[in-house]
Amino acid sequence: MNAATSALPGAAVASTGGARRSPKRVLPGFGLTLGYTIFYLSIIVLIPLSALVFKTFTLTWDQFWTAISAPRVLASYRLTFGASFIAAVVNLVFGLLIAWVLVRYRFPGKKIVDALVDLPFALPTAVAGISLTALLAGNGWVGQYLEPLGIQLAFKPAGVVIALIFIGLPFVVRTVQPVLEDAEKELEEAATSLGATRWQIFTRVILPAITPALLTGFAMAFARAVGEYGSVIFIAGNMPMISEITPLIIIGKLEQYDYAGATAVAVVMLVISFALLLVINALQAWQRRHAGGPA
């Protein structure tokens, strides 16, 4: 009895010591990593954005409202968000088609096509804008045949939409592609064995499974298009009230030393960007829950 009782403290100490041992980690503890994360985000993100907001406080409410609601600025809002929405819708359709072809079919040059999807990520946006302008201008390879028909793409809002389609397509393809790859083929085979047509299989089996990914890709393409500058500036023509985007309005105010007016318009874009970011995060969380993973 004494031996048993004398062994208990040692066992308790051993168990306590084992419980006190912390598992080995590659990175430092939570406190240090969290502190570094907050410090890094403050230096890179929070402080610059705070400076932007504080600069706007130098304006009165009337001055702020006048700066963000001028007719030229409102026209740039309509073009920026309208063209971004149209481009995102086009990318939603054709991005799905491209992802479908890359996942479901095998053909010569498939790897080359797959690599070309990422070209807008690697290509400098200014190079993309110059290339599209040289292609679609009145004396370009394609524009010289379209302009006699009354179709003018370069230096018009249509050219802005084309540029935004170019830079936004990879977001939809790369968001939908892995979901299609992980889709359960057994469900499609079961639907086929029950007599479902191909259209019914797509609309009732495949589409519900990839809808969260489609919405996420749409939101990311839309958010990317809203802030695009380099590829649009060359093909837009930058005509006030017609083909002038909001980022160009900000650059113009900075060149005129109207820093407060530029920051006012930038704050509006910042608020909209934050709203889009929240939408994207919500869609991604929905996608994870839909796939059965942790939200």
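Visitor: Which residues line the second largest pocket?
Guide: The lining of that pocket is made by Trp100, Lys185, Glu188, Glu189, Thr192, Arg198, Trp199, Ile201, Phe202 and Ile206. On a 1 Å grid over the protein atoms alone, a pocket is an open set of points with protein on both sides within 12 Å along at least five of seven lines, a cavity is a set where a 1.4 Å probe fits but cannot get out, and lining residues have an atom within 4 Å of a point.

Visitor: Before we go on, what sort of model is this?
Guide: It is a predicted model, in which local features need pLDDT of at least 70 and side-chain atom pairs count only at pLDDT 80 or more, while totals for chains, interfaces and linings use all residues. Residues are numbered from 1 along each chain as its sequence is written, and side-chain values use heavy atoms, with hydrogens and water left out.

Visitor: Okay, back to that pocket: which elements give two or more residues to its lining?
Guide: Two helices do, namely α10 (185-193) and α11, and α11 contributes the most, with 5 residues.

Visitor: And the largest cavity, what lines that one?
Guide: Its lining is formed by Leu79, Thr80, Ser84, Val160, Leu164, Ala225, Val226, Glu228, Val232 and Ile245. Two or more of these residues come from each of α4 (71-104), α9 (157-182) and α11 (198-226), and the largest share, 3 residues, belongs to α4.

Visitor: How many helices and strands does the protein have?
Guide: There are 14 helices and 0 strands, where helices (H or I, at least four residues) and strands (E, at least two) are DSSP runs numbered from the N terminus. Written from the N terminus on, the order of elements is therefore α-α-α-α-α-α-α-α-α-α-α-α-α-α.

Visitor: How much of the protein is buried?
Guide: Of the 295 residues in the protein, 34% are buried, with buried meaning under 20% relative accessible area, exposed over 50% and partly exposed in between (1.4 Å probe, protein chains only).

Visitor: Say I pick Val173, where does that sit, and is it buried or exposed?
Guide: Val173 belongs to helix α9, and it counts as buried because its relative accessibility is 0%. Val173 and Leu96 lie 77 residues apart in the sequence, yet in space their separation is 6.4 Å from C-alpha to C-alpha.

Visitor: Let's try a shorter helix region, α3. Which of its residues are buried?
Guide: Helix α3 covers residues 61-68, and its buried residues are Phe64, Ala67 and Ile68. Seen down the axis of α3, these fall within an arc of 85°, so they line one face of the helix; the arc is that of the directions from the helix axis to the C-beta atoms.

Visitor: What about the face turned away from the buried side?
Guide: That face of α3 carries the exposed residues Asp62 and Thr66.

Visitor: I can see rings around there too. Which residues do ring pairs link into a cluster?
Guide: Trp61, Phe64 and Trp65 are joined into a cluster by ring pairs, so Phe64 takes part in this cluster as well as in the buried side of α3. Rings of Phe, Tyr and Trp (its six-membered ring) pair if their centres lie within 6.5 Å, and planes under 30 degrees apart count as stacked, over 60 as edge-to-face and the rest as tilted.

Visitor: How many aromatic pairs come out by that rule?
Guide: The count comes to 8 aromatic pairs. One of them joins Tyr257 and Tyr259, whose ring centres are 6.2 Å apart and whose planes stand at 85°, so the pair is edge-to-face.

Visitor: Are those two tyrosines buried or exposed?
Guide: Tyr257 counts as exposed because its relative accessibility is 63%, whereas Tyr259, at 40%, counts as partly exposed.

Visitor: And where in the chain is Tyr257?
Guide: Tyr257 is placed in the loop between α13 (246-255) and α14 (259-290). Its phi is near 65°, a positive value in a residue other than glycine.

Visitor: What is phi of Phe155, and where is that residue found?
Guide: For Phe155, phi is likewise near 65°, again a positive value in a residue other than glycine. Phe155 is located in the loop between α8 (143-146) and α9, and a relative accessible area of 33% is why this residue counts as partly exposed.
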